[in-house]
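Hi everyone, thanks for coming. I have one structure to walk you through today, so let me put it on the screen.

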Number of protein chains: 2
Amino acid sequence: MNDIFKALNDATRREILDLLKEKDLSAGEIADAFNISKPSISHHLDILKRADLITSEKNGQFIIYSINTTIMEDVLQWILTFKQ
Amino acid sequence: MNDIFKALNDATRREILDLLKEKDLSAGEIADAFNISKPSISHHLDILKRADLITSEKNGQFIIYSINTTIMEDVLQWILTFKQ
DNA sequence: TATATATTTAGACAAATATCTAAATACTTT
DNA sequence: AAAGTATTTAGATATTTGTCTAAATATATA
């Protein structure tokens, strides 16, 4: 839970999730969507991956990232405890 | 949205919300629930307040904190965009 | 096999954060 | 008015975080 909230506590990472919500993307395609260096994006991807919010699969020289929506369920459940 | 996720990105603050979910509490009562100094708890309360996740009301020499569940709706909606 | 492309790892650094103690503010009670 | 209680503000400090450049690794292609 800590890892999830930590991962979500960054606008760039939330935008990455928003992108992956639409379709799977390679690390480079994700990096191209931001004005941030590739190593920094790679670091963000690592944090999202450690939180299990995304998964990755190697495809030739590319690494394709996909969103893992099941982990969002945990956050959803926690949030729902506040709805009376 | 940034403020909300920032506020939620701390185990102590999430526990404070869990406490306030049960009932309103004074700053001192909240502080008593943790092994952290009162000034530190006061700082956490300030961050939660800036994120609109809690409200406060002075009652004599006490300050009573309450949870504001309506702001959770924003997070809920964002999370829900990932379902399906 | 040499070169180009895709991505990550390593190391550095500035900014943000969580915590503390000491002091200030505000209210209550004697 | 003085002393006590509740809470916050101020200032310091160690840790974490986001970013960068340079270098390393892995795959593809000529």
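Let's start with a small puzzle: which backbone oxygen lies 2.7 Å from a polar atom of the side chain of B:Arg14? Keep in mind as you look that this is a predicted model. The answer is the backbone oxygen of B:Leu8.

Let me stay with that arginine for a moment. B:Arg14 sits in helix 2 of chain B, which covers residues 11-22. The residue is buried, and yet B:Arg14 has no salt bridge. A salt bridge here needs a side-chain nitrogen of Lys or Arg within 4 Å of a carboxyl oxygen of Asp or Glu. For B:Arg14, the nearest side chain of opposite charge is B:Asp10, and that one is 6.7 Å away.

So who are its neighbours? Leaving out residues up to four places away in sequence, B:Arg14 touches B:Leu8 and B:Asn9 in its own chain, and A:Met1, A:Asn2, A:Phe5 and A:Trp78 across in chain A.

That brings us to how the two chains are related. Chain A superposes on chain B by a rotation of 180°, with 0.0 Å of shift along the axis and an RMSD of 0.0 Å. That is the relation of a two-fold axis. Both copies use the same surface, too: 100% of the contact residues of chain A recur in chain B.

Now, on to the DNA. Strand C is surrounded by 24 residues, and the closest are A:Gly28, A:Ser42, A:Tyr65, B:Lys6 and B:His44. Which part of the strand faces the protein, sugar and phosphate or bases? Among the atoms of DNA strand C within 4 Å of the protein, 74% belong to sugar or phosphate, and the rest to bases.

Here are some phosphate contacts you can click on. A polar side-chain atom of A:Tyr65 is 2.4 Å from a phosphate oxygen of DNA strand C. For B:Ser40, an N or O atom of the side chain lies 2.9 Å from a phosphate oxygen of that strand. With A:Ile63 it is a polar backbone atom, 3.3 Å from a phosphate oxygen.

Which element gives the largest share of the surface near DNA strand C? That is helix 4 of chain B, with five residues.

One last stop on that helix: B:Ile47 lies in helix 4 of chain B. Its C-alpha atom is 9.1 Å from that of B:Ile4, 43 residues apart along the chain. Beyond its neighbours within four places in sequence, B:Ile47 is in contact with B:Ala7 and B:Arg13.

Thanks, and I'm happy to take questions!

Terms used. Residues are numbered from 1 along each chain as its sequence is written. Chains are lettered from A and ligands numbered from 1 in the order in which they are written. This is a predicted model: local features need pLDDT of at least 70, side-chain atom pairs count only at pLDDT 80 or more; totals for chains, interfaces and linings use all residues. Side-chain values use heavy atoms; hydrogens and water are left out. Helices (H or I, at least four residues) and strands (E, at least two) are DSSP runs, numbered from the N terminus. Buried means under 20% relative accessible area, exposed over 50%, partly exposed in between (1.4 Å probe, protein chains only). Lys and Arg count as positive and Asp and Glu as negative; His and the chain ends are not counted. A polar contact is a pair of N or O atoms within 3.5 Å; within protein, one must be able to donate a hydrogen and the other to accept it, and residues adjacent in sequence count only if both atoms are side-chain atoms. Contact means heavy atoms within 4.5 Å. Copies are superposed by least squares on the C-alpha atoms of residues with pLDDT of at least 70 in both. A residue is near a molecule or strand if one of its heavy atoms lies within 4 Å of it.
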